[in-house]
Amino acid sequence: MTTLQDQLQRPLRDLRISVTDRCNFRCSYCMPAEIFGPDYAFLPSDKILNFDEIERLVKVFVSLGVKKVRITGGEPLLRHNLPELIERIHRIVGVEDIALTTNGTLLKKFALKLAKAGLSRVSVSLDSLNDERFFEMNGHRGKVLTVLEGIEKAVEAGLQVKINMVVQKGKNDQDIVSMAQFFKEKQHILRFIEYMDVGNSNGWRLNDVVPKQEIIESVHQLSPLQQIVPNYKGEVATRYQYQDDQGEIGVISSVTDSFCSTCSRVRLSAEGKLYTCLFATDGIDLRELLRAEKDDTAIIQRISDIWESRNDRYSDERNEQTMTKRKKFKIEMSHIGG
Ligand code: SAM
Ligand code: SF4
Ligand code: SF4
């Protein structure tokens, strides 16, 4: 097996596969309803990678060093026969871990099938326990109870469960403590995600971000925390354990404390484009290669070239710019005040 390294000596380890561009939610920070309305042109089915194509690509990626696969979307559970895809990926020698990120609305129905197919872990997104605020954030589509029932079923099915909460100032920051308390009692790891400037449609402003430090301080007031070591190099969440030993939380702080230096993730979109960064403006079309009947050697070569020339570090760069702006701001203030 080849060990690929990019320009910043980062290996290729994780593959995130989006299996659909569609979603039954319209979260304002991801697919706002004003843009993803009834006339929005989602991909037609013949433009989406089929299971044979995905399986073939996973094998190629494994030969290049990938060990972990995460299935995402859109809402991945909207993809017809998803457990079959999980089963196929599970059978590939070299895949050590398969995870799924979902909004949880269909988890009650699919949890057992997914677990039987070989899924090991599920991250369920839930932004509030308050129905009104949750409804507001998901574009008036889903109820808290449905997601909680999905989580219960996932646990019963033997899946490892984590909860993801995107925190947006003025929208759900008042729910940080209640979410922490609830999931501490349930013994589930809750991961707070700093609201990010992904895509072009969410109208992101730095002022809408609740920084990691603020989140930690709020939870620390509820029950004292201590930072603990990552489970592995490149883990995206910083981990904190409750000092009473009753569980842990995580914070994914791509805005205030970025982690590009250990980023070993590559993303495959539903239409088969490869993105070497969450913030990349364009992807490389692998579907074309697959459908042009190129053999695996040609595809392996293309992906190796892409990874070896990769130098993405978007969040680190944004941080550096923000710091420079803050510094400039400070200098101007001292001029006026002094
Ligand atoms: N639909 C599934 C879900 O919501 O879990 C999977 C896809 S969703 C794009 C994957 C994760 O990205 C979710 O946890 C979601 O909350 C997070 N996300 C989406 N937009 C975000 C943003 N602007 N900032 C931070 N996290 C975001
Ligand atoms: Fe859908 Fe997930 Fe995006 Fe919300 S975050 S709109 S559930 S894809
Ligand atoms: Fe990786 Fe890009 Fe995120 Fe940095 S900004 S951690 S390179 S996906």
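Student: How is the shell around ligand 1 made up by class?
Tutor: In this predicted model, the shell holds 7 nonpolar, 9 polar and 2 charged residues. Glycine is counted as polar in this scheme.

Student: Which residues come nearest to ligand 1?
Tutor: Tyr 29, Gly 74, Ser 125, Val 166 and Met 196 come nearest, out of 18 residues around ligand 1. To be listed around the ligand, a residue needs a heavy atom within 4 Å of it.

Student: What makes the pairing of Tyr 29 with ligand 1 a polar contact?
Tutor: A backbone N or O atom of Tyr 29 is 3.1 Å from a nitrogen atom of the ligand. The limit for a pair of N or O atoms is 3.5 Å, so the pair qualifies.

Student: Which atoms of Glu 75 and Thr 102 lie by ligand 1, and how far away are they?
Tutor: Glu 75 places a polar side-chain atom 3.3 Å from a nitrogen atom of ligand 1. For Thr 102, a polar backbone atom is 3.2 Å from an oxygen atom of the ligand. Both distances are within 3.5 Å, so both pairs are polar contacts.

Student: How much of ligand 1 does the protein bury?
Tutor: The ligand exposes 540 Å² when taken alone, and the protein buries 86% of that. Strand 3 (97-102), strand 5 (160-167) and strand 6 (189-194) are the elements that give two or more residues to this shell.

Student: Which classes and elements make up the shell around ligand 3?
Tutor: By class there are 7 nonpolar, 1 polar and 4 charged residues. Strand 10 (265-268) and helix 10 (314-337) each supply at least two residues. The surrounding residues include Cys 260, Cys 263, Cys 277, Arg 310 and Asp 312.

Student: What makes Arg 310 and Asp 6 a salt bridge?
Tutor: Their side chains meet with N to O at 2.9 Å. The cut-off is 4 Å between a side-chain nitrogen of Lys or Arg and a carboxyl oxygen of Asp or Glu, so the pair counts.

Student: Why can this pair be said to tie together distant parts of the sequence?
Tutor: Arg 310 is in the loop between helix 9 (296-308) and helix 10, while Asp 6 is in the segment before strand 1 (14-18), so the linked parts are 304 residues apart in sequence. Both Arg 310 and Asp 6 are buried.

Student: How do you know that Lys 212 and Asp 257 form a salt bridge?
Tutor: The N to O distance between their side chains is 2.8 Å, and the limit is 4 Å. Lys 212 lies in helix 7 (residues 212-222) and Asp 257 in the loop between strand 9 (248-252) and strand 10, so the pair ties together parts 45 residues apart in sequence.

Student: Why do Lys 212 and Asp 257 get their burial labels?
Tutor: Lys 212 has a relative accessible area of 9%. Buried means under 20%, so Lys 212 is buried. Asp 257 has 38%, which falls between 20% and 50%, so Asp 257 is partly exposed.

Student: What are the labels for Arg 313 and Glu 320, and why?
Tutor: Arg 313 is at 25% and Glu 320 at 43%. Both values lie between the 20% and 50% limits, so both residues are partly exposed. These two form a salt bridge, with the closest N and O atoms 2.6 Å apart.

Student: How many salt bridges does the whole structure hold, and which residues are linked in a network?
Tutor: The search finds 23. Asp 52, Glu 55, Lys 59, Glu 84 and Arg 88 are linked in a network.

Student: Why is Leu 119 called buried?
Tutor: Its relative accessibility is 5%, and the limit is under 20%, so the label follows. Leu 119 is in the loop between helix 3 (107-117) and strand 4 (121-125). Among the residues Leu 119 touches are Ile 86, Ile 98, Leu 100 and Leu 159.

Student: Why is His 90 called partly exposed?
Tutor: His 90 is at 45%, between 20% and 50%, so neither of the other labels applies. His 90 belongs to helix 2 (residues 82-90) and touches Ile 98, Ala 117 and Gly 118, leaving out residues up to four places away in sequence.

Student: What makes the phi angles of Asp 245 and Glu 293 worth listing?
Tutor: Asp 245 has a positive phi of about 70° although it is not a glycine. Glu 293, also a residue other than glycine, has a positive phi near 55°.

Student: Are Asp 245 and Glu 293 buried or exposed, and why?
Tutor: Asp 245 has 57% and Glu 293 has 72%. Exposed means over 50%, so both are exposed. Asp 245 is in the loop between strand 8 (238-242) and strand 9, and Glu 293 in the loop between helix 8 (286-291) and helix 9.

Terms used. Residues numbered from 1 in each chain as written. Chains lettered and ligands numbered in written order. Predicted model: local features only at pLDDT ≥ 70, side-chain atom pairs only at ≥ 80, totals over all residues. Heavy atoms only, no water. Polar contact = N/O pair within 3.5 Å; in protein donor to acceptor, adjacent residues only side chain to side chain. Areas by Shrake-Rupley, 256 points an atom, 1.4 Å probe, with all protein chains shown as cover. Helix = DSSP H or I, 4+ residues; strand = E, 2+ residues; numbered from the N terminus. Buried < 20%, exposed > 50% of the residue type's maximum accessible area, 1.4 Å probe, protein only. Contact = heavy atoms within 4.5 Å.
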